[in-house]
Amino acid sequence: MNRTSSLFSRRAWAVLAACTLAAALLPVLHLAFPDGHPLHVSGYAVGLVGKFMCYALAALALDLVWGYTGILSLGHGLFFALGAYAHGMYLMRAIGRDGSYGSVLPDFMVFLDWKDYPWYWAFTDHFWYCMLLVVLVPGLVAFVFGWFAFRSRIKGVYFSIITQALTYAAMLLFFRNDTGFGGNNGFTDFRRILGQSITAPGTRVALYLATLALLVGALLLCRWIVRSKLGRVLQGVRDAESRLMFIGYDPLAFKLFVWTLSAVLCAVAGALYVPQVGIINPSEMSPANSIEMVVWVAIGGRGTLVGPIVGAFAVNGLKSWFTAAFPDLWLFALGLLFILVTLFMRRGILGTLPAIARFLPGRRPVVATKEEAA
């Protein structure tokens with residue numbers, strides 16, 4: 001398979017650079033021009049694109065394990081939410097005494113008559129400690145789960161079902177009030193981040209640019225992995241794991257590495273998501289959210305890296321429009337879209353583009369007439 005090579009041709013790099021530059025210009029236009037100016041970009045649009053970039057990063061992480069290693073996860077929503085909760089703990093501590101009860105404890109703890117923070121909230125008033133948690137907690141959960149699952153040679157649909165059961169169990173756990181994570185309501189009402197107002201235009205722009213930078217950095221990292229010897233081994237795991245073992249490779253370490261890395265990238269997406277959206281609750285761990293991630297990857301183009309980013313933007317853009325225009329029809333539209341792509345565009349949007357390009361004027365092969373040949 002050489003799809004990755006073709007998608008990172010010189011022309012593809014130019015398109016990616018142009019898209020990155022255009023995305024970076026959005027917040028500049030938001031700050032530089034006042035409301036009503038033709039070049040002004042609203043804060044809502046900047047926030048929406050920032051949220052879509054978080055989804056795109058999660059889709060990219062899923063493509064690394066599904067598209068290149070053949071491991072279909074239906075539970076990546078768990079890692080996304082764990083990263084968001086780890087960052088949310090800092091954001092809740094940063095509220096200080098500005099809550100409804102004027103206490104150093106979050107409002108939900110005061111309401112439940114908690115007297116102090118539970119032990120696992122220790123040091124979460126430090127930003128960089130929470131950033132460490134964003135990486136370590138989902139990474140450790142993924143490593144332990146992957147170790148037992150891959151060591152037991154669980155694969156295929158059984159692995160997918162277990163990942164979904166895991167995220168469902170975690171969702172039920174986080175719904176409980178006695179876990180110390182806000183129960184059904186989760187974390188919300190954030191006020192500050194690193195001493196700055198979280199709703200200030202400058203802060204929103206900084207969060208947006210950080211998301212863009214991490215998305216581009218993750219794309220370059222994943223590209224380097226899939227084009228390296230490690231990437232070729234991962235594709236060997238996907239295409240012929242038994243043959244790979246026969247020639248002396250142990251797939252366990254390779255699968256465990258890419259699975260853990262994917263979980264960490266997904267958690268980083270969740271950590272970027274929570275301050276931009278302003279809420280995190282257990283519904284982010286619902287099986288439906290994890291399945292939506294799979295749909296983004298399938299529609300954009302599995303095993304292309306850029307395709308899942310395109311899919312995340314396309315599906316969520318449609319979702320925003322549908323939920324405003326036809327709020328009751330969105331799930332039917334999403335299901336229909338997935339079926340159509342599965343039947344007629346098995347390589348997704350990006351994987352189908354080369355086939356479409358061959359039918360464009362000027363791209364068809366020139367066939368010499370008999371007279372010209374003579």
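## A helix that comes up short

Let's start with helix H9, which runs through residues 229–246. If a helix of 18 residues were straight, at 1.5 Å a residue, you'd expect a span of 26 Å. In this predicted model, though, the end C-alpha atoms of H9 are only 18 Å apart.

So where does H9 bend, and by about how much? Look at Ala 240: there H9 turns by about 120°. Once you're past the end of H9, check Gly 248 too, which has a positive phi of about 110°.

## What H9 tucks away

Quite a few residues of H9 are buried. Along the stretch before the bend at Ala 240, you'll find Gly 231, Val 233, Leu 234, Gln 235, Gly 236 and Val 237 among them. Glu 241 and Leu 244 are buried as well.

Which helices do these buried residues pack against? They have two partners: helix H8 (201–227) and helix H10 (251–277).

## Cysteines without partners

Now for the cysteines. How many disulfides does the structure hold? Zero. Take Cys 54: the nearest cysteine sulfur belongs to Cys 266 and sits 11 Å away, while a disulfide needs two cysteine sulfur atoms within 2.5 Å. Cys 54 is also buried, with a relative accessible area of 0%.

Why is Cys 130 not bonded to Cys 54? Because the sulfur of Cys 54, the closest cysteine sulfur to that of Cys 130, is 17 Å away, which is too far for a bond. Cys 130 is buried, and its relative accessible area is 0%.

Methods:
Residues are numbered from 1 along each chain as its sequence is written. This is a predicted model: local features need pLDDT of at least 70, side-chain atom pairs count only at pLDDT 80 or more; totals for chains, interfaces and linings use all residues. Side-chain values use heavy atoms; hydrogens and water are left out. Helices (H or I, at least four residues) and strands (E, at least two) are DSSP runs, numbered from the N terminus. The expected span of a helix is 1.5 Å times one less than its number of residues. The bend at a residue is the angle between axes fitted to the seven residues ending there and the seven starting there. Buried means under 20% relative accessible area, exposed over 50%, partly exposed in between (1.4 Å probe, protein chains only). Contact means heavy atoms within 4.5 Å.
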